[in-house]
Amino acid sequence: MGSGYLILAGAIMLFSWIVSSRLKSKFEQYSKLQLRNGMSGAEIAEKMLVDNGIRDVRVISTPGQLTDHYNPADKTVNLSEVVYNERNAAAAAVAAHECGHAVQHAVGYEWLTMRSRLVPIVSVASNYVQWILLAGILMIRTFPGLLLIGIIIFAATTLFTIITLPVEYDASNRALAWLKNKNMLTQQEQAGAKDALKWAARTYVVAAIGSIATLLYYISIYSGSRRN
């Protein structure tokens, strides 16, 4: 792949590790900050949905860690067991954030709609794009068009990571606004929830930057082959 790619990949992995480690430490810190209102993540989620007039979305527990997500297909807010059951600032932040996606779906938030349309394409593309790119580089002199095909497919996955940014930040903003307006948390708990969601959002920023940088790297290889 060349030294350029190795340096790029190493830098991206380093930044990703730093952000992920910081995120983990933040959630561990705010998992110790118990809510004064005594509500669990599940109860926080259910109340936020009701307060936003959403009554056709279920809040369910899902196995694993960091498995929290909103599924627009079956209208479920899926909370990991620790978020679903625990009663701390970290759980409140995650639960409200996932409900923020449910609110986006209910109001027809355009960025969420765009991302949802890309999911089937990205799901298929992610299984094959790296192999196509690798084959494209190996066959750059005999079949340069294969690398171009890989670049186009990879561009779709990069677009997905870019569109994800406003979706995730907006969901966090909706969550924090609701938590504050409804006086769900104390000032200290609110600050903890905000800090936790800030670091969670940065993981998506790192992913987008990494995808853009990698895309540009493959484009530079293709452009260089065309000049030679």
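This passage describes the fold, the nonpolar cores and several individual residues of a predicted model.

The overall architecture comes first. The chain contains seven helices and three strands, and read from the N terminus its elements follow the order α-α-β-β-β-α-α-α-α-α. Along the principal axes, the C-alpha atoms occupy a box of roughly 65 × 35 × 30 Å. The chain has 228 residues, of which 43% count as buried. Its exposed surface amounts to about 12400 Å², and 60% of that area is supplied by carbon and sulfur atoms. When contacts between residues at least 6 apart in sequence are considered, 71% of them join residues at least 24 apart. As for charge, the chain carries 21 positive and 15 negative charges, and the mean positions of the two sets are separated by 9 Å.

The interior can be followed through its nonpolar cores. The largest of these has 42 residues, and the members that touch the most others are Ile44, Leu49, Val77 and Leu179. At least two residues of this core come from each of helix 1 (3-31), helix 2 (41-51), strand 3 (76-80), helix 4 (89-107), helix 6 (144-181) and helix 7 (187-227). Helix 4 makes the greatest contribution, with 11 residues. A second core lies apart from this one; it has 11 residues, including Ile137, Ile140, Ile151 and Tyr222. Leu49 offers a helpful view into the larger core: beyond its neighbours within four places in sequence, Leu49 is in contact with Ile54, Val57, Val59, Val77, Cys99 and Ala102. Val77, one of these partners, is itself named with Leu49 among the members touching the most others.

The annotation in the sequence record can be set beside the model. An unreviewed UniProt entry lists residues 6-23, 118-140, 146-167 and 204-223 under "transmembrane region". In the model, residues 6-23 are 100% helix and 0% strand, with the C-alpha atoms at the two ends 25 Å apart. Residues 204-223 are likewise 100% helix and 0% strand, and here the end C-alpha atoms are 28 Å apart.

Individual residues on the helices add some local detail. Thr158 belongs to helix 6. Because its relative accessible area is 3%, Thr158 counts as buried, the cut-off being under 20%. Away from its neighbours within four places in sequence, Thr158 is in contact with Ser211, Ile212 and Leu215. Glu28, in turn, sits in helix 1 and is partly exposed, with a relative accessible area of 44%. The C-alpha atoms of Glu28 and Ala90 are 8.1 Å apart in space, while the two residues are 62 apart in sequence.

Two loop residues also deserve a look for their backbone geometry. Leu66 is not a glycine, yet it has a positive phi of about 55°. Leu66 is located in the loop that runs between strand 1 (58-62) and strand 2 (69-71). With a relative accessible area of 80%, Leu66 is exposed. Asn183, which is not a glycine either, has a positive phi of about 55°. The loop that holds Asn183 lies between helix 6 and helix 7, and Asn183 is exposed, with a relative accessible area of 66%.

Methods
Residues are numbered from 1 along each chain as its sequence is written. This is a predicted model: local features need pLDDT of at least 70, side-chain atom pairs count only at pLDDT 80 or more; totals for chains, interfaces and linings use all residues. Side-chain values use heavy atoms; hydrogens and water are left out. A nonpolar core is a set of buried Ala, Val, Leu, Ile, Met, Phe, Trp, Tyr and Cys residues joined through side-chain atoms within 4.5 Å. Buried means under 20% relative accessible area, exposed over 50%, partly exposed in between (1.4 Å probe, protein chains only). Helices (H or I, at least four residues) and strands (E, at least two) are DSSP runs, numbered from the N terminus. Contact means heavy atoms within 4.5 Å. UniProt positions are given in the numbering used here, feature names are shortened, and annotations may be inferred rather than shown by experiment. Accessible areas come from the Shrake-Rupley method with a 1.4 Å probe; for residues, only the protein chains shown count as cover. Lys and Arg count as positive and Asp and Glu as negative; His and the chain ends are not counted. The place of a charge is taken as NZ of Lys, CZ of Arg, CG of Asp or CD of Glu.
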